[in-house]
Amino acid sequence: MEDPLPVLFASLLGLLALGSLNGQVEARAFFVFGDSLVDSGNNNYLATSARADLPPYGIDYPSHRPTGRFSNGLNIPDLISESLGEETTLPYLSPQLNGERLLVGANFASAGIGILNDTGIQFVNIIRMPNQLLFFVQYQERLAALIGADAAQQRVNQALVLITLGGNDFVNNYYLVPFSARSRQYSLPDYVRFLISEYRKILMRLYELGVRRALVTGTGPMGCVPAELALRSRNGECDPDLTRAAELFNPQLEQMVSGLNSDLGADIFIAANIRLSSFDFVYNPGAYGFVTSKIACCGQGPYNGLGLCTVLSNLCPDRTLYAFWDPFHPSEKANRIIVNNILRGSTDYMKPMNLSTILAMDPWT
Ligand SMILES: *[C@@H]1O[C@H](CO)[C@@H](O)[C@H](O)[C@H]1NC(C)=O
Ligand SMILES: *[C@@H]1O[C@H](CO)[C@@H](O)[C@H](O)[C@H]1NC(C)=O
């Protein structure tokens, strides 16, 4: 016979954590979806080449060890958790994501994925968006088993969500090779429209699954990352094709988000312009204490932009002086600038409002 005590105890813990018993309100849950900008280690559990599981990744992380984050230290979700006053959300595939830890939320992101299923096919085994959403359903079932269906539903409704998609649909799909299948199928403006309509479906699905507050980011400054400077730029200027792609994509994303909110009759989705945040330090690195925004801290070849960041790569001694950690990803310090804009930025960065406004508005925060 099953012992009912552990179950009762687990539910009590759940209630305590939710603050229902002692009146103290626990920080809201946080869920993360998307690509390598926000993957906190899911790909370490998968057979794929898209992983950051070897040194020097994580060199400035509290453990000084690689965790699967594509950063020298903390990534964007970590810094959002920090600002919520909450511990970091674990990767969904982590065996430690159990019991009470489920209340904190979960990170479903997977490096290499995009809006489209055919993005990142070269990485083989990654968690594409349909599966990230299936895992979210599975997560909710596990949470309901822990604290009951109603409390689980409420925890999801009151959660904060971050979703970051789009970069790979250009870098690892449309522009991956000359004459790629997608570039033969679509002109760039048509491709952007297609991506936006598919992104909208993903956001609608999040809404159907109970999400009521989600930060939605577009692409970063794809044309200006050290990898593209090394591969596609002649004189170190940002690549015009990827720059045009980002110029088309990001404003249409904002429009789509705003239209979706009107259809839903509430500000469910918040468009976060991480491209603009990145431009601040890409075009004016000195103002943020960086010595360069063109050369990656870790890498090799021109701009340290070729290949992967590995133990054999060049490694800068001081990561706080570099805007880019590896050929594609910002350093922790650059991530802090991005998250500061998410928290406090004007409507140029955050539409219709920034995260500190949301936190002040939502009564359960
Ligand atoms: C992506 O795959 C899922 C199933 O895995 C499918 O339902 C969906 O229609 C696909 N999306 C596109 C745009 O083909
Ligand atoms: C963003 O946040 C700050 C508080 O940090 C606030 O003063 C400001 O008005 C906000 N801006 C917008 C547009 O919501």
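**Ligand shells, nonpolar core and strand β1**

The residues of the shell around ligand 1 divide into two that are nonpolar, one that is polar and one that is charged. This is a predicted model, and the points below take up the shells of ligand 1 and ligand 2, then the largest nonpolar core, and finally strand β1, which spans residues 30-34.

**Ligand surroundings**

- Ligand 1 has Leu116, Asn117, Pro130 and Glu198 around it.
- The shell of ligand 2 consists of Arg344, Ser346, Thr347, Met353, Asn354, Ser356 and Thr357, a set that comprises five polar residues, one nonpolar residue and one charged residue.

**Nonpolar core**

- The largest nonpolar core contains 98 residues, and those with the most contacts inside it are Val161, Ala214, Leu215, Val216 and Ala272; helix α10, covering residues 240-264, gives the most to this core, with seven residues.
- When residues up to four places away in sequence are left out, Val216 touches Ile163, Leu203, Val257, Phe269, Ile270, Ala271 and Ala272.
- In soluble globular proteins, nonpolar side chains tend to be buried together.

**Strand β1 and its partners**

- Strand β1 is mostly covered, with five of its five residues buried, and this holds for both faces, since Phe30, Val32 and Gly34 are buried on one side and Phe31 and Phe33 on the other.
- In a regular strand the side chains alternate between the two faces of the sheet.
- β1 pairs in the parallel sense with strand β2 (residues 105-107) over three bridges, and Phe30 stands opposite Gly105 in β2.
- β1 also pairs in the parallel sense with strand β3 (residues 160-164), over five bridges, where the bridge partner of Phe31 is Val161, one of the residues with the most contacts inside the largest nonpolar core.

Definitions and conventions:
Residues are numbered from 1 along each chain as its sequence is written. Chains are lettered from A and ligands numbered from 1 in the order in which they are written. This is a predicted model: local features need pLDDT of at least 70, side-chain atom pairs count only at pLDDT 80 or more; totals for chains, interfaces and linings use all residues. A residue is near a molecule or strand if its C-beta atom, placed from the backbone, lies within 6 Å of it. Ala, Val, Leu, Ile, Met, Phe, Trp, Tyr, Cys and Pro count as nonpolar, Asp, Glu, Lys and Arg as charged, and the others, Gly among them, as polar. A nonpolar core is a set of buried Ala, Val, Leu, Ile, Met, Phe, Trp, Tyr and Cys residues joined through C-beta atoms within 7 Å. A residue is buried if 20 or more other C-beta atoms lie within 10 Å of its own, exposed if 12 or fewer, and partly exposed in between; C-beta atoms are placed from the backbone. Helices (H or I, at least four residues) and strands (E, at least two) are DSSP runs, numbered from the N terminus. Two residues are in contact if their C-beta atoms, placed from the backbone, lie within 7 Å. Two strands pair if DSSP finds at least two bridges between them.
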